[in-house]
Amino acid sequence: MKRIFLVFVPLLFLATACTEDLASLNVETKKPATIPAPTLFSSAVKSLAGNLATASVNTNVFRFTTSQWAMAVYQDEAQYDFATRAIPNTWWSGMYRDVLADLRESSRLINADATLLPKEKANKLAILDIMEVYTFSILVNTFGNIPYTEALNSAKLFPKYDDAKTVSADLLARLNNDISKLDASGAAFTASEDVVYKGSVAKWAKFANTLRMKLGMVLADVDASAAKSAVEASDAGAISAASDNGLFTYLSASPNQNPLHVDIVLGGRQDYIAAKDLMDKLLGWNDPRTGSYFSTNNGGKYAGGIVGKVNTYVDFSRAGAKVIAADAPYVLADYVETEFLRAEAKERGFNVSGSAESHYNNAITASILYWGGTAAQAAEYLAQADVAYTTAVGDWKQKIGTQKWIALYNRPYETWTEIRRLDQPKIATPINAKSGFPTRLTYPNTEQTLNGTNYTAAASAIGGDVVTTKLFWDKN
């Protein structure tokens, strides 16, 4: 009996110890129970910038779509094949899951924080909503009708799709409210938490006004009154100097390096080259940005390849050192873009300050300076008859559209939107293109399988889930 007891007692202790040890395995020691609101904010902005900056053929192929880059070997994406690598899926999930979900959770946490002063809370919530508007605008202007009012709601596993025009109007209304709530006399995110403006509420107001101007102008051909109201309300408060630019600045050290550096330099890719359409314009007008945009080929010359055609890599120019630097910033909004919007506004008869020509000149000059050129080089460039506003070929859409296409280099999504909106410049159709010029991305195939009823209704409402279906604002 004593022997049985002596054996049983150690076993009892062992069982108790095992139970305690196993239970401890379920304790998260490295994963925090909650994530601070500022961390969610900075993470969301980083994810957004990463999606817009990358040249991954699984995510962002708009540099090829807009004929600024071509490919050396694999031509699927350059030929408007977005299905093979399920690009719409990655673009969609990257915006909803990696950006919007974090912004929404950050807002929830800040709303619940009773320790924040009223002005600080209002400023933080406004900034978060501005970035939500920015991200939703990308989704609605990529796909058309999208989940919006029921999006990001865990109780709505199968969210309905909202009408794109209604979403666009609501985004402008949200911006109006956000701008009215920003108060530079109050605090916001700290310099270390705010990866764009280092805590400057005044600069966030400029950013928001430029965004409102841009989203308003998207509607110009379908709702001139709404566009006029948005642009005129934004003009005085929008970005007015390069120092106001909204940049996501990458770092020289991993893991916060520019995605192009990671993909092309560290990854050793040798298949992205300059496109002939863009290179011909740069060389034809002796553009001082050429050497910053691209390197020379192995023969020491600048050359662009034909989009959609197999090109020998060593024979063509590649992305320049400034473009693929580890710490190269991504531009979320800037003076260049804003000045082109003001030039267009004048041509449309909107009441903004200055003249179309002065804003056009300002935009081009600012772009050349940003890329390392000089004021003298900008003046020389603008003096050319084919560039000068009064003598350049075509109407204002062709003049502004062509120069904006050049200046928006390395902002591929924005470039794609402007080509769809202004129908300028006229770029060459890729060799063996799978379709006409894509005016949208198709919905993700995951939506077709997981949210089929709402997907089917949305596809029917916009006129068909194909890449050549024009969005409601694309009337030209």
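## Helix H15 and a network of salt bridges

In this predicted model, helix H15 comprises the twelve residues 396-407, which at 1.5 Å a residue should span 16 Å, and its end C-alpha atoms are indeed 16 Å apart, in agreement with that expectation. Eleven of the twelve residues of H15 are buried, so the helix is largely enclosed by the rest of the structure. Among these buried residues are Trp396, Lys397, Lys404 and Trp405. The surroundings of the helix can also be named, for the buried residues of H15 pack against helix H10 (276-284), helix H11 (290-293), H12, H13, helix H14 (375-382) and helix H16 (412-422).

Salt bridges form the second topic, and a search of the whole structure finds 28 of them. Three are listed here.

| Acidic residue | Basic residue | N to O distance |
|---|---|---|
| Asp221 | Arg348 | 3.1 Å |
| Asp287 | Arg289 | 2.8 Å |
| Glu344 | Arg348 | 2.9 Å |

Arginine 348 lies in the loop between helix H12 (335-347) and helix H13 (356-370), while aspartate 221 lies in the loop between helix H7 (201-218) and helix H8 (224-234), so their salt bridge ties together parts that are 127 residues apart in sequence. Aspartate 221 is partly exposed, with a relative accessible area of 26%, whereas glutamate 344, which also forms a salt bridge with arginine 348, is buried, with a relative accessible area of 0%. Salt bridges that share partners join Asp221, Glu344, Arg348, Lys397, Lys404, Glu418 and Arg421 into one network. Two members of this network, Lys397 and Lys404, belong to the buried residues of H15. In the salt bridge between aspartate 287 and arginine 289, both residues are buried.

Key: Residues numbered from 1 in each chain as written. Predicted model: local features only at pLDDT ≥ 70, side-chain atom pairs only at ≥ 80, totals over all residues. Heavy atoms only, no water. Salt bridge = Lys/Arg side-chain N within 4 Å of Asp/Glu carboxyl O. Helix = DSSP H or I, 4+ residues; strand = E, 2+ residues; numbered from the N terminus. Buried < 20%, exposed > 50% of the residue type's maximum accessible area, 1.4 Å probe, protein only. Expected span 1.5 Å × (residues − 1). Contact = heavy atoms within 4.5 Å.
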